[in-house]
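Hi everyone, thanks for making time this morning. I'd like to walk you through one structure, so please have a look at the screen.

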Amino acid sequence: MPTLTNDMMRSIIMDHYSDPQNKHQPPHDGYEKVHMHSDNCIDDLDIFLLVKDNIIDDACFDGTACTISTSSTDIMCDLLRGKEISKGRKIIDAFHHMMREEEFDESLLDEAIVFINTSKQAARIRCATIGWNAAEEILKGK
Amino acid sequence: MYDVKEIRKQFPMLNSDIKMQNKPLVFLDNCSTTFKPQRVIDAMNNYYYRFNSNSHRGDYDLSYQVDVMIEEARKEVASLVNADTNEVVFTDGATGALNLVAYGYGLKYLKKGDEIILSVAEHASNVLPWFRIADLTGAVIKYMDIEDGKLLAKNLKRVITKNTKIVSLAHVGNVLGYVADVKEFAKIAHENCAIMVVDGAQSVPHLKTDFKDLGIDFLAFSAHKMCGPTGVGALVGKYELLKDMDPFVTGGGMNSIFKKDGSVDYRLPPYKFEAGTLNIAGILGFGEAVKFIKEIGVDNIHQHDQELIDYAIEKLKDYDNIIIYNKDARNGILTFNIKGVFPQDESTLLNYKGIAIRSGEHCAKLLDNYLDTKATCRMSTYLYTDKKDIDTFIDAIINGGDILDAYFN
């Protein structure tokens, strides 16, 4: 992935916020759901993953969410779709490492790299990670 | 009025190089908590430096002096709200005080089918204890309507019945800041043989609150919202009711005698409700904070709050994209949203500019249907807030820039 300028990162966040392609109810049964609610933000989300034969077949989410959580969760859904469970876990781990300003494998995160500055606004880390925590919860024990 | 500039000199938080996001801190979240003047910090330190001993325990001078100091603090708090000294119970805050009424009075006297009246604008600490008591006793919670953000007597009359035993409402709401006519509400409650509990967390620091004149039965408030320390507050209650009430926490210092057969004599109020070693430094800081705000004058503080909010509203009135939910509340609370911007995104942008405000539901989670928005931004002032703080805030919300500036600049 080429190096992104700040302006490019901003427009990626705003695109995924204003037109989140993955923000909808699951199209059919079989999805696993985790509900997440933030103590300090408006975020009140359901995250849905469809897991079949060791593959994350689909991911979507729905509910009320702020700019950062909407955009971050939308990007996550794109990233997880079609991945093996173990790869999905690695992507989620990399995202958490980035949030904590630890070393991480940039190649795993693709567009999700736009949240690299979240740690500047520590109060919003919870928003950026809320969808990722839900997906992690669903994949736990699989 | 008083000289805000002089007052500000007394607050270490306002006279340091404290920065937020590398910008000078502008603190406009005074509904959540307030800064402490040096004299309050000194009063607390003084206990640890010079008077460290337990109260009600020792047969020696140091302990006796601490007892005297605690009782002086109690006297200060009582005089602030015009109550008798023995009507002031020290608690760990307004939340602790409301829980004490709920468990000490509600649990003892409520039975199945009795009613507790609240409003949807109440803070969690004046809702959840009553939920518990309703669960434990079979009592029913009812809500009086709010109209234009206000609690009105006619709406209390509409919902109160002969089964109502408790009416528990905030004197000043923590989201919208309107003053409720709790004197009238107490009359209505008493006509129906119910008691009137008042959450004074947002009123006592900002508004002259006269316990006797209001005729209410219980008043709960916190020290930290009036320049005092965290972790301490008071429940003021009519003495006869306090005598009848059960203790919520039992232990040392609150009993006169107990025997193997399980019999126990509790001390008289307020001591019956003060089990264990108290937050002594906190109480002494509380007493000093009360002295401080009495010297400034609660009426002056109220006027100062009003002037600042009027000033802010005047400056914002021509901006159509700013929704203000409580234009005529004028109690040091401005609740607003910017069209198309999530409140948390706005508060993050303000954080980036060094300005502390609160966004969210402000612990009043039943209110969202009424406001037609799930969350709001709340700017709140106190006695040391100056016009420059308001100017910085207004400049930031008017010339806000992009909400993502907070992440990319």
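**A walk through the model**

Let me begin with one residue: B:N22 is exposed, because only 7 other C-beta atoms lie within 10 Å, and 12 or fewer counts as exposed. Before I go on, please keep in mind that this is a predicted model. B:N22 sits in the loop between β1 (19–20) and β2 (23–24) of chain B. Its backbone is worth a look too: phi of B:N22 is near 65°, a positive value in a residue that isn't glycine.

There is another asparagine to put beside it. B:N82 also has a positive phi, about 50°, and is not a glycine. You'll find B:N82 in the loop between α3 (61–80) and β4 of chain B. So is B:N82 buried, exposed or partly exposed? B:N82 is partly exposed, with 14 other C-beta atoms within 10 Å.

While we're on backbone details, one more loop. Between B:P269 and B:P270 the peptide bond is cis, and omega is near 5°. B:P270 belongs to the loop between β12 (264–266) and α10 of chain B.

Now let's move on to the sheet. In chain B, seven strands form an open sheet with mixed pairing, and the order is β4-β10-β9-β8-β7-β5-β6. Which strands are at the edges? They are β4 (88–91) and β6 (140–144) of chain B, each of which pairs on one side only. From one strand to the next, the twist averages 20°.

As a reminder for everyone, strands of a sheet pair through backbone hydrogen bonds, either parallel or antiparallel. This sheet lets me show you each sense. For antiparallel, take strand β9 (residues 218–222) and strand β10 (residues 233–237) of chain B, which are joined by five bridges. In that pair, B:F221 stands opposite B:A234 in β10(B). For parallel, take β5(B) and β6(B), which pair over five bridges. There, B:I117 stands opposite B:K142 in β6(B).

Let me stay with β5 for a moment. Strand β5 (residues 115–119) of chain B is mostly covered, with five of its five residues buried. How do the side chains of β5(B) point? B:E115, B:I117 and B:S119 point one way, while B:I116 and B:L118 point the other way, and all are buried. Notice that a glutamate is in that buried set: B:E115.

Next, the domains. The domain assignment of chain B gives domain 1 (4–30 + 297–408) and domain 2 (41–295). Their centres, taken over C-alpha atoms, are separated by 29 Å. Where the two touch, domain 1 of chain B puts in 21 residues and domain 2 of chain B puts in 19 residues. On the domain 1 side, the elements that give two or more residues are α11 (298–316), β14 (333–338) and β17 (376–380) of chain B. Of these, α11(B) has the largest share, with five residues. By class, that side has ten nonpolar, seven polar and four charged residues.

Strand β14 gives us a nice residue to zoom in on, B:I333. Why do we call B:I333 buried? Because B:I333 has 26 other C-beta atoms within 10 Å, and 20 or more counts as buried. Leaving out residues up to four places away in sequence, B:I333 touches B:C31, B:L176, B:G177, B:N326, B:R378 and B:S380.

On to the nonpolar core. The largest one has 156 residues, and A:A135, B:V167 and B:M196 touch the most other members. Helix α10 (residues 280–296) of chain B gives the most to this core, eight residues. Domain 1 and domain 2 of chain B each supply at least three residues to it. As for A:A135, its contacts beyond four places in sequence are A:I47, A:L49, A:A59, A:M76, A:L80 and A:I92.

Last stop, the contact between the chains. Chain B brings 15 residues and chain A brings 16 residues. On the chain B side, α12 (343–352) and α15 (405–408) are the elements that give two or more residues, and α12(B) has the largest share, six residues. The chain B side divides into nine nonpolar, four polar and two charged residues.

That's the tour. Thanks for listening!

Terms used:
Residues are numbered from 1 along each chain as its sequence is written. Chains are lettered from A and ligands numbered from 1 in the order in which they are written. This is a predicted model: local features need pLDDT of at least 70, side-chain atom pairs count only at pLDDT 80 or more; totals for chains, interfaces and linings use all residues. Domain bounds come from an automatic or database domain assignment. Two residues are in contact if their C-beta atoms, placed from the backbone, lie within 7 Å. Helices (H or I, at least four residues) and strands (E, at least two) are DSSP runs, numbered from the N terminus. Ala, Val, Leu, Ile, Met, Phe, Trp, Tyr, Cys and Pro count as nonpolar, Asp, Glu, Lys and Arg as charged, and the others, Gly among them, as polar. A nonpolar core is a set of buried Ala, Val, Leu, Ile, Met, Phe, Trp, Tyr and Cys residues joined through C-beta atoms within 7 Å. Two strands pair if DSSP finds at least two bridges between them. Axes are lines fitted to C-alpha atoms, for helices over the stretch in contact, and angles run from 0 to 180 degrees between N-to-C directions.
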